[in-house]
Amino acid sequence: AKSGCTGATSDVLAVPPLVTDVRLVLTCANQDVQPPVITVTDQQLEGNTMGGWQGALSGATVTDPDTPADQVHLTNNAPSVLPLGRNVVTWTAVDSAGNSSTAQQVVTIVDTTASTITCPPSRTLAYTSSPDLGVAVASDVVDASPVVTHTSPSAWPLGRTDVTWTARDTSGNVATCVTSVTLFLPVTTTVAAGDSHTLALLAD
């Protein structure tokens, strides 16, 4: 049988007349046995959602010798959110004849964007050894809980001290802001009428 032919029928003409004639009919299909060809390009993407990256993944194209590209079904197995780091994504192409092929793409998700941090307002307070600094608030595109720390002296002096607040995410990106804390020593005096008094306060 001819390659690609799915069936054959034959007829023998009745006798008489005293002749024999055979009519052979071949049904031949245009066979498509070639799978699609997938071309991938590895990607590095900046994290854009909590936990990693989310979106329509690019970097894969498909060609097929027998099927128009827009009729080839191209899919991938990427999760809805690709986590930070190296991810291997498998693409699968299936053409109209059912031929299929796969290809793997490396997608690396990075986080190079620092958190945003808002410092508490600067404040002026009566002297105390443990002044209330307020609370800094930090948020991050990828990291749900950036770590917030601050600097403070072991012993608070009178006058102004700048406190630096730092927000650090899991990728090591750092954002800072500064709150000024000014401590003063409250003084209550009673001055006798007609007397002259001098009062000196030393910051140390």
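A salt bridge is taken here as a side-chain nitrogen of Lys or Arg within 4 Å of a carboxyl oxygen of Asp or Glu. By this rule, the count in the structure shown above, which is a predicted model, comes to two salt bridges. One of the two joins the side chains of Asp132 and Arg123, with an N to O distance of 3.9 Å; this value falls within the 4 Å cut-off. The other links Asp162 with Arg160, and here the closest N and O atoms are 3.0 Å apart. As for solvent exposure, Asp132 has a relative accessible area of 54% and is therefore exposed. Arg160 is likewise classed as exposed, because its relative accessible area is 58%. Its partner Asp162, with a value of 41%, is partly exposed.

With the charged pairs in place, the overall fold can be described. The protein chain holds 16 strands and zero helices. Of its 204 residues, 27% are buried. The chain exposes about 13,200 Å², and carbon and sulfur atoms supply 53% of that area. Where contacts with a separation of 6 or more are considered, residues 24 or more positions apart account for 54% of them.

One covalent cross-link adds to this picture. The disulfide count comes to one, and the bond joins Cys119 to Cys177 with an S to S distance of 1.9 Å. The torsion about the S-S bond is about 95 degrees, so the disulfide is right-handed. Cys119 sits in the loop between strand 11 (116-118) and strand 12 (123-126), whereas Cys177 belongs to strand 16, so the pair ties together parts that are 58 residues apart in sequence. Both ends are shielded from solvent: Cys119 counts as buried because its relative accessibility is 18%, and Cys177 counts as buried at 14%. The cut-off behind these assignments is a relative accessible area under 20%.

Strand 16 spans residues 174-184, and Val187 is found in the segment after this strand. Val187 has a relative accessibility of 41% and so counts as partly exposed. Together with Tyr127 and Leu185, Val187 forms a nonpolar patch on the surface, and the three residues share about 250 Å² of accessible area.

Thr161 offers a view of another part of the chain. This residue lies in strand 15, which covers residues 159-168, and its relative accessible area of 12% makes Thr161 buried. Once residues up to four places away in sequence are set aside, Thr161 touches Pro153, Trp156, Thr179, Ser180 and Val181.

A further group of residues can be followed from Val89, located in strand 9 (residues 85-94). Val89 has a relative accessibility of 1% and therefore counts as buried. Beyond its neighbours within four places in sequence, Val89 is in contact with Leu57, Asn76, Asn77, Ala78, Leu82, Ala103, Gln104, Gln105 and Val107. One of these partners, Gln105, is 16 residues away along the chain, and the C-alpha atoms of Val89 and Gln105 are separated by 5.1 Å.

Ala78, another of the residues in contact with Val89, is placed in the loop between strand 7 (73-76) and strand 8 (82-83). At 25% relative accessibility, Ala78 counts as partly exposed, because that class lies between the 20% and 50% limits. Leaving out residues up to four places away in sequence, Ala78 touches Leu57 and Val89. Ala78 and Ala56 are 22 residues apart in sequence, and their C-alpha atoms are 9.8 Å apart in space.

Gln43 also touches Gln105 and Val107, two residues named among the contacts of Val89. Gln43 is part of strand 4 (residues 43-46). Its relative accessibility is 18%, so Gln43 counts as buried. The side chain of Gln43 has a polar atom 3.1 Å from the backbone oxygen of Thr41. With its neighbours within four places in sequence left aside, the contacts of Gln43 also include Ser58, Gly59, Val106 and Thr108.

Conventions
Residues numbered from 1 in each chain as written. Predicted model: local features only at pLDDT ≥ 70, side-chain atom pairs only at ≥ 80, totals over all residues. Heavy atoms only, no water. Helix = DSSP H or I, 4+ residues; strand = E, 2+ residues; numbered from the N terminus. Buried < 20%, exposed > 50% of the residue type's maximum accessible area, 1.4 Å probe, protein only. Polar contact = N/O pair within 3.5 Å; in protein donor to acceptor, adjacent residues only side chain to side chain. Contact = heavy atoms within 4.5 Å. Patch = residues over 30% accessible without salt bridge, like charges linked within 9 Å, V, L, I, M, F, W, Y side chains within 5 Å. Areas by Shrake-Rupley, 256 points an atom, 1.4 Å probe, with all protein chains shown as cover. Disulfide = S-S within 2.5 Å.
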